[in-house]
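Trainee: Could you take me through one part of this model with care, namely the charged side chains and how they pair or gather? I would like a connected account rather than a list.

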Amino acid sequence: MDSSGPGPSSTGGASAPDVAPKPPAQLSRYESQKRRDWNTFLQYLRNHRPPLTLARCSGAHVIEFLRYLDQFGKTKVHAAGCAYYGQRSPPGPCPCPLRQAWGSLDALIGRLRAAYEESGGAPESNPFAARAVRIYLREVRDSHAKARGIPYEKKKRKRVQTTEASSSSSAAAAVGRDVMASADGGAVAASAAQLAGDSGGTAPSIS
């Protein structure tokens, strides 16, 4: 019998199994939305008449894009002559148009501003950070608040928040000490601690 034929190697063991390539990391919801928004904006530039390149895009073109998106909005914004102007919950329908909500536009600009710089754009030439865009968003916020009867409330100053949180924590601690001796003291103390945490405490995607 010929022992020189092919056979298992005396020095090599079983061949190493093939290593399957790792699947690409799944993008977060924010990153996925940012990519979709960026592609939508680039498509808008390609369809622009006359054609517009990203290098020539300015804050005025960004505002034009935001106005273009209004046709896809779902937020009812009452006109000044509407009987429901300034009402938070109008009792009936009206012919006023649907618009993009201010919060959606504000979040959209934030994502596009980041996408522009991630694609190699210089921060100082970022059209999404232009002063004209900030002014436009502020005007949209104020006009929507008046038309829909929903006042825009600025966030409280940090000092006020800190003071309120400290007071709430002290009150919660006092309540906890007073009731710990009772049979249900543990549950009340937990509720007080939760209250203190809550007192101390942004986005579609385009709606």
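Mentor: What follows looks at the charged side chains, with the fold as a frame and the cysteines and one aromatic residue as side notes.

The model is a predicted one, and its protein chain has 6 helices and 2 strands, which run along the sequence in the pattern α-α-β-β-α-α-α-α. Of the 207 residues in the chain, 28% count as buried, while the accessible surface comes to about 14,500 Å², with 55% of that area belonging to carbon and sulfur atoms.

Within this frame the structure holds 4 salt bridges. As a general point, side chains of opposite charge can pair when their charged atoms come close. In helix 1, which spans residues 29-47, the side chains of Lys34 and Glu31 form a salt bridge with an N to O distance of 3.1 Å, and these two residues are 3 apart in that helix, about one turn. The partners differ in cover: Lys34 counts as buried because its relative accessibility is 3%, whereas Glu31 counts as partly exposed because its value is 31%. The pair also belongs to a wider arrangement, since Glu31, Lys34 and Glu118 are linked in a network of salt bridges.

A second salt bridge joins the side chains of Asp37 and Arg111, at 2.5 Å from N to O. This one links distant parts of the chain, with Asp37 in helix 1 and Arg111 in helix 3 (residues 102-118), 74 residues apart. Both Asp37 and Arg111 are buried. Another contact involving helix 1 can be set beside this bridge: Phe41, also placed in helix 1, has its C-alpha atom 8.4 Å from that of Leu112, although 71 residues separate the two along the chain. Phe41 has a relative accessible area of 0% and is therefore buried.

Further along the sequence, the side chains of Asp142 and Arg141 meet in a salt bridge of 3.1 Å, N to O. Here Asp142 is partly exposed, because its relative accessible area is 33%, while Arg141, at 16%, counts as buried.

Charges also gather without such pairing. Arg113, Arg131, Arg134 and Arg138 form a patch of positive charge on the surface, and the largest share of that patch, 3 residues, comes from helix 4 (residues 131-148). Arg138 is one of the patch residues and has its place in helix 4; its relative accessibility of 42% is why Arg138 counts as partly exposed.

The cysteines deserve a separate remark. In general, a disulfide is a covalent bond between the sulfur atoms of two cysteines. With the cut-off for a sulfur pair set at 2.5 Å, the count comes to 0 disulfides in this model. Cys82 is in no disulfide, and the nearest cysteine sulfur, that of Cys96, lies 3.7 Å away. The sulfur of Cys94 likewise has its closest cysteine sulfur in Cys96, at 3.8 Å, and so is too far for a bond. Cys82 has a relative accessible area of 15% and is therefore buried, and Cys94, at 16% relative accessibility, counts as buried as well.

Methods
Residues numbered from 1 in each chain as written. Predicted model: local features only at pLDDT ≥ 70, side-chain atom pairs only at ≥ 80, totals over all residues. Heavy atoms only, no water. Patch = residues over 30% accessible without salt bridge, like charges linked within 9 Å, V, L, I, M, F, W, Y side chains within 5 Å. Areas by Shrake-Rupley, 256 points an atom, 1.4 Å probe, with all protein chains shown as cover. Lys, Arg positive; Asp, Glu negative; His and termini not counted. Charge placed at Lys NZ, Arg CZ, Asp CG, Glu CD. Helix = DSSP H or I, 4+ residues; strand = E, 2+ residues; numbered from the N terminus. Buried < 20%, exposed > 50% of the residue type's maximum accessible area, 1.4 Å probe, protein only.
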